[in-house]
Amino acid sequence: MKNRRSSTKSKKAKQTNRKVMLVGDSGVGKTCLLVRYKDGAFLSGVFISTVGIDYRNKVVNVDDTKVKLQIWDTAGQERFRSVTHAYYRDAHALLLLYDVTNKTSFDNTRAWLGEINEYAQDDVVIMLIGNKADAGTDRVVMFEDGERLAKEYGVTFMETSAKTGTNVELAFMAVARELKYRQSCQADQESKFNVKEYVRQESTKSRSSGTCCG
């Protein structure tokens, strides 16, 4: 009986907690992306911009490990930037968003990457995300533009749509998997997972099934 209880207890204890931050200009869809991922809903119409910082939790299963993602939604306005900086230090992953219908938000990703380099941990996981991929003719930033920038900075890239849900689950799952394997001390496990390749393969599957906008 004791062995069975201890075994059950150890299985329950196999959970890792990771902090993920959503950053980027105001209006790029950070809150919408988080709500879509956490609640499966889309915030349509006018809503109040995030003031300062807010967060939500979600537990995902990665192989035999539960990864609890504490996802922080940050304000993009300049006046809140110092507040955001304070949270960079203990973040394990940063999702940097821009709006594919807003060229300025894309151009500003370089400044955001500069801030990340200055304030975040050296080994932080960074993913560049072009949001609102469902925009159609309103798009001004091409997929190739985002892909080129991500390659320049050596980060993972994908496009998402908080409105349709396209690639939202994939973005967070890719980050969760990367964080789980990075935390492992076993080199052979780390070599089995490559976040950029994972995103490429899963995005290809989505495109072939007609569910991907990127």
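Leu33 has 0% relative accessibility, so Leu33 counts as buried. Buried means under 20% relative accessible area, exposed means over 50%, and partly exposed lies in between, with a 1.4 Å probe and protein chains only. The model is predicted: local features need pLDDT of at least 70, side-chain atom pairs count only at pLDDT 80 or more, and totals for chains, interfaces and linings use all residues. Residues are numbered from 1 along each chain as its sequence is written, and side-chain values use heavy atoms, with hydrogens and water left out.

**Exercise 1. Place Leu33 and list what Leu33 touches.**

Step 1. Find the element. Leu33 is found in helix 2. Helices are DSSP runs of H or I with at least four residues, strands are runs of E with at least two, and both are numbered from the N terminus.

Step 2. List the contacts. Contact means heavy atoms within 4.5 Å. Not counting residues up to four places away in sequence, Leu33 touches Leu22, Leu97, Ile129, Asn131, Thr160, Ala162, Val168 and Phe172.

Step 3. Check the separation along the chain. Leu33 and Ser161 are 128 residues apart in sequence, yet their C-alpha atoms are separated by 7.6 Å.

**Exercise 2. Describe how helix 2 and helix 7 cross.**

Step 1. Choose the descriptors. Two packed helices are described by the angle between their axes and the distance between the axes. Axes are lines fitted to C-alpha atoms, for helices over the stretch in contact, and angles run from 0 to 180 degrees between N-to-C directions.

Step 2. Read the values. Helix 2 spans residues 30-39 and helix 7 spans residues 168-183. Their axes come within 9 Å and cross at roughly 85°.

Step 3. Classify the angle. Helix 2 is therefore roughly perpendicular to helix 7. The classes are roughly parallel under 35 degrees, roughly antiparallel over 145, roughly perpendicular from 65 to 115, and oblique for the rest.

Step 4. Name the residues. Helix 2 contributes Leu33, Arg36 and Tyr37, and helix 7 contributes Val168, Glu169 and Phe172.

Step 5. Sort them by class. The contact has four nonpolar, no polar and two charged residues. Nonpolar covers Ala, Val, Leu, Ile, Met, Phe, Trp, Tyr, Cys and Pro; charged covers Asp, Glu, Lys and Arg; the others, Gly among them, are polar.

**Exercise 3. Test the length and burial of helix 7.**

Step 1. Compare spans. The expected span is 1.5 Å times one less than the number of residues. For the 16 residues of helix 7 that should be 22 Å, and the end C-alpha atoms are 23 Å apart, which agrees.

Step 2. Judge burial. In helix 7, 13 of the 16 residues are buried, so the helix is largely enclosed by the rest of the structure.

**Exercise 4. Work through salt bridges within helices.**

Step 1. Set the rule. A salt bridge is a side-chain nitrogen of Lys or Arg within 4 Å of a carboxyl oxygen of Asp or Glu. The structure holds 11 salt bridges.

Step 2. Take helix 4 (residues 103-107). Lys103 and Asp107 lie four residues apart, about one turn of the helix. Their side chains meet at 2.9 Å, N to O. Lys103 is partly exposed at 43%, and Asp107 is partly exposed at 39%.

Step 3. Take helix 6 (residues 143-153). Arg148 and Asp145 are three residues apart, so about one helical turn separates them. Their salt bridge is 3.2 Å, N to O. Arg148 is exposed at 54%, whereas Asp145 is partly exposed at 23%.

Step 4. Return to helix 7. The closest N and O atoms of Arg182 and Glu178 are 2.7 Å apart. Arg182 is partly exposed at 41%, whereas Glu178 is buried at 11%.
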